Amino acid sequence: MALAIAFLILMVAAPAAVYGAEHTVGDTQGWNQGVNYDTWASGKTFTVGDTLVFNYDSSHKVDEVNLADYNGCSSSNSIKTYEDSPTKITLSKAGPSYYICPIPGHCAGSGMKLLVNVVAAGTPSGTPPTTPATPPPPTTTTPANNDSPPPPPPPPKISPASSLHMNLVGVPLVLATLIVVMG
């Protein structure tokens with residue numbers, strides 16, 4: 001019976017771990033004037049399924065905008081406006097996402113604008129380089145009389161998210177098998 005309860009708890013808790021991380025915008029400073037959001041976002045990896053949490057008081061709002069409105073600190077064509085703190089926004093697609101505070105002077109004058117680059121789930125951390133960081137090794141020709149087979153390809157890289165997903169699927173399957181066998 002205890003094993004069945006443990007299995008149920010694991011199954012209820014597992015989906016939360018699969019859907020993504022929660023990022024509190026500005027950390028303890030929240031969504032406020034005078035915070036450098038470029039610095040806050042640098043070094044962080046935002047993945048599809050992650051959630052941005054904006055904490056702010058009634059003197060602020062959050063507008064999701066396009067690149068032009070982000071650069072111009074304009075909310076005239078906002079994609080979506082949020083007014084209730086804490087605002088939780090789930091990142092649903094890969095690519096850049098842009099957010100500003102639409103209160104006059106807060107974006108342009110006080111830097112209340114945020115750009116996050118969202119990567120697809122399972123993509124390694126960071127932005128992949130467009131050119132190799134190191135040149136590829138020189139190719140060598142094999143003499144015609146060498147009958148040895150080519151070396152095997154390297155093993156595939158497994159991302160941490162993929163590894164977590166396999167563990168979250170594998171553990172319940174093992175537990176379910178144990179329950180059936182012992183039950």
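**View 1. Strand β7 pairs with β8 through 6 antiparallel bridges.** The model is predicted; local features need pLDDT of at least 70, side-chain atom pairs count only at pLDDT 80 or more, and totals for chains, interfaces and linings use all residues. Residues are numbered from 1 along each chain as its sequence is written, and side-chain values use heavy atoms, with hydrogens and water left out. Strand β8 covers residues 113-119. Strands here are DSSP runs of E with at least two residues, helices are runs of H or I with at least four residues, and both are numbered from the N terminus. Two strands pair if DSSP finds at least two bridges between them. G95 has V118 of β8 as its bridge partner. Strand β7 (residues 95-100) also runs antiparallel to β4 (residues 62-65), with 3 bridges joining the two. There, D63 stands opposite I100 of β7.

**View 2. S97 sits in strand β7.** Is S97 buried or exposed? S97 counts as buried, because its relative accessibility is 9%. The cut-offs are under 20% relative accessible area for buried, over 50% for exposed and in between for partly exposed (1.4 Å probe, protein chains only). Beyond its neighbours within four places in sequence, S97 is in contact with L91, L114, L115, V116 and V118. Contact means heavy atoms within 4.5 Å. In a regular strand, side chains alternate between the two faces of the sheet.

**View 3. Strands β1, β3 and β6 form an open sheet in the order β1-β3-β6.** The pairing in this sheet of 3 strands is mixed. Its edge strands are β1 (22-24) and β6 (87-90), each pairing on one side only. Neighbouring strands are turned by 20 degrees against each other on average, direction ignored. Axes are lines fitted to C-alpha atoms, for helices over the stretch in contact; angles run from 0 to 180 degrees between N-to-C directions. Strands β1 and β3 (residues 51-54) run parallel, joined by 3 bridges. T24 has V53 of β3 as its bridge partner.

**View 4. A21 lies in the loop between α1 (2-19) and β1.** A21 is partly exposed, because its relative accessibility is 35%. Its contacts, leaving aside neighbours within four places in sequence, are D50 and T51. F46 is 25 residues from A21 along the chain, yet the C-alpha atoms of the two are separated by 8.3 Å.

**View 5. The largest nonpolar core has 20 residues.** Such a core is a set of buried Ala, Val, Leu, Ile, Met, Phe, Trp, Tyr and Cys residues joined through side-chain atoms within 4.5 Å. W31, L52, F54, Y99 and L114 have the most contacts inside this core. α2 (37-41), β3 and β8 each supply at least two of its residues. L52 touches many residues outside the four places on either side in sequence, among them W40, F46, I89, Y99, L114 and V116. Polar and charged residues are also touched by L52, including H23, T87 and K88. A second, separate core of 5 residues includes V65, Y70, Y98 and C107. In soluble globular proteins, nonpolar side chains tend to be buried together.

**View 6. C73 and C107 form a disulfide.** A disulfide is a pair of cysteine sulfur atoms within 2.5 Å. By this rule, the count comes to 1. The sulfur atoms of C73 and C107 are 2.1 Å apart. How is the link of C73 and C107 turned about the S-S bond, left-handed or right-handed? The link is left-handed, at -65 degrees. C73 lies in the loop between α3 (67-72) and β5 (80-82), and C107 in the loop between β7 and β8, so the disulfide ties together parts that are 34 residues apart in sequence. C73 is partly exposed, with a relative accessible area of 22%. C107 is buried, at 4% relative accessibility. C101 is in no disulfide; its nearest cysteine sulfur, that of C107, is 8.1 Å away. C101 is also buried, with a relative accessible area of 2%.

**View 7. The whole chain has 4 helices and 8 strands.** From the N terminus on, its elements run α-β-α-β-β-β-α-β-β-β-β-α. Of its 183 residues, 25% count as buried. The chain exposes about 12100 Å², and carbon and sulfur atoms supply 62% of this area. Accessible areas come from the Shrake-Rupley method with a 1.4 Å probe; for residues, only the protein chains shown count as cover.
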